[in-house]
Amino acid sequence: MKHAGLVFLGGGMGSVLRYYIGLWLKESIPQFPTGTFAVNVLGAFLMGLLVGQAAQHPEFYRTHAYFLWAIGFCGGFTTFSAFVIDQVELLGRGQIPYFFTYVVLSIAVGLLAGYWSYKGLKSPI
């Protein structure tokens, strides 16, 4: 039950931070979902750090920090469901170039951020 409480606490913190980042970035490029994009890249980066730590020290998977930050915080912070809705809305508005830019950048930059942080911030190339 202790793990569930840590996941709950971390998820709440991640969700609130996601909300505020979304508000903060919403007006930067109104046609492009910058808030969701930024949160997904930051979440991928943080998850890469945490899972990279766990890969080097398997006991980390059983720590309170893993449940709080990896499962809870990152789970509440990252926004795949919002990512999908952003795509549907871009398509619905006929903004095809923004749709493709958003999908490709989110996947490519998110993967690079996760890989880079997983490898201990060494050059991904």
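**Aromatic pairs and the surroundings of helix H5**

Phe32, Phe37, Phe80, Phe83, Tyr98 and Tyr102 are joined into a cluster by ring pairs. The model is predicted, and a search of the whole structure yields 13 aromatic pairs. One of these is formed by phenylalanine 45 and tryptophan 116. The points below treat that pair, the neighbouring serine 117, helix H5 as a whole, and a separate approach that involves helix H1.

**The pair of phenylalanine 45 and tryptophan 116**

- The rings of phenylalanine 45 and tryptophan 116 lie 5.6 Å apart, centre to centre, and their planes make an angle of 50°, which gives a tilted arrangement.
- This pair connects distant parts of the chain, since phenylalanine 45 belongs to helix H2 (residues 34–56) and tryptophan 116 to helix H5 (residues 96–118), with the two positions 71 residues apart in the sense that they are 71 residues apart.
- Phenylalanine 45 has a relative accessibility of 22% and therefore counts as partly exposed, the cut-off for buried being under 20%.
- Tryptophan 116 is likewise partly exposed, at a relative accessible area of 34%.

**Serine 117**

- Serine 117 is located in helix H5.
- With a relative accessible area of 2%, serine 117 is buried.
- A polar atom of the serine 117 side chain lies 2.6 Å from the backbone oxygen of phenylalanine 45.
- When neighbours within four places in sequence are left aside, the residues in contact with serine 117 are Ala44, Phe45, Gly48 and Leu49.

**Helix H5**

- Helix H5 has 23 residues, and at 1.5 Å a residue it should span 33 Å; this agrees with the 33 Å between its end C-alpha atoms, because the expected span takes one less than the number of residues.
- The buried residues in H5 are Phe99, Tyr102, Val103, Ser106, Gly110, Ala113, Gly114 and Ser117.
- Tyr102, buried in H5, is also a member of the aromatic cluster.
- Helices H2 and H4 (80–92) are among the elements that cover the buried residues of H5.
- Glycine 120 follows H5 and has a positive phi, near 80°.

**Glycine 12 and phenylalanine 77**

- Glycine 12 is part of helix H1 (residues 2–25).
- The relative accessibility of glycine 12 is 35%, so this residue counts as partly exposed.
- The C-alpha atoms of glycine 12 and phenylalanine 77 are 8.5 Å apart in space, while the two residues are 65 residues apart in sequence.

Terms used:
Residues numbered from 1 in each chain as written. Predicted model: local features only at pLDDT ≥ 70, side-chain atom pairs only at ≥ 80, totals over all residues. Heavy atoms only, no water. Phe/Tyr/Trp six-rings, centres within 6.5 Å; stacked < 30°, edge-to-face > 60°. Helix = DSSP H or I, 4+ residues; strand = E, 2+ residues; numbered from the N terminus. Buried < 20%, exposed > 50% of the residue type's maximum accessible area, 1.4 Å probe, protein only. Polar contact = N/O pair within 3.5 Å; in protein donor to acceptor, adjacent residues only side chain to side chain. Contact = heavy atoms within 4.5 Å.
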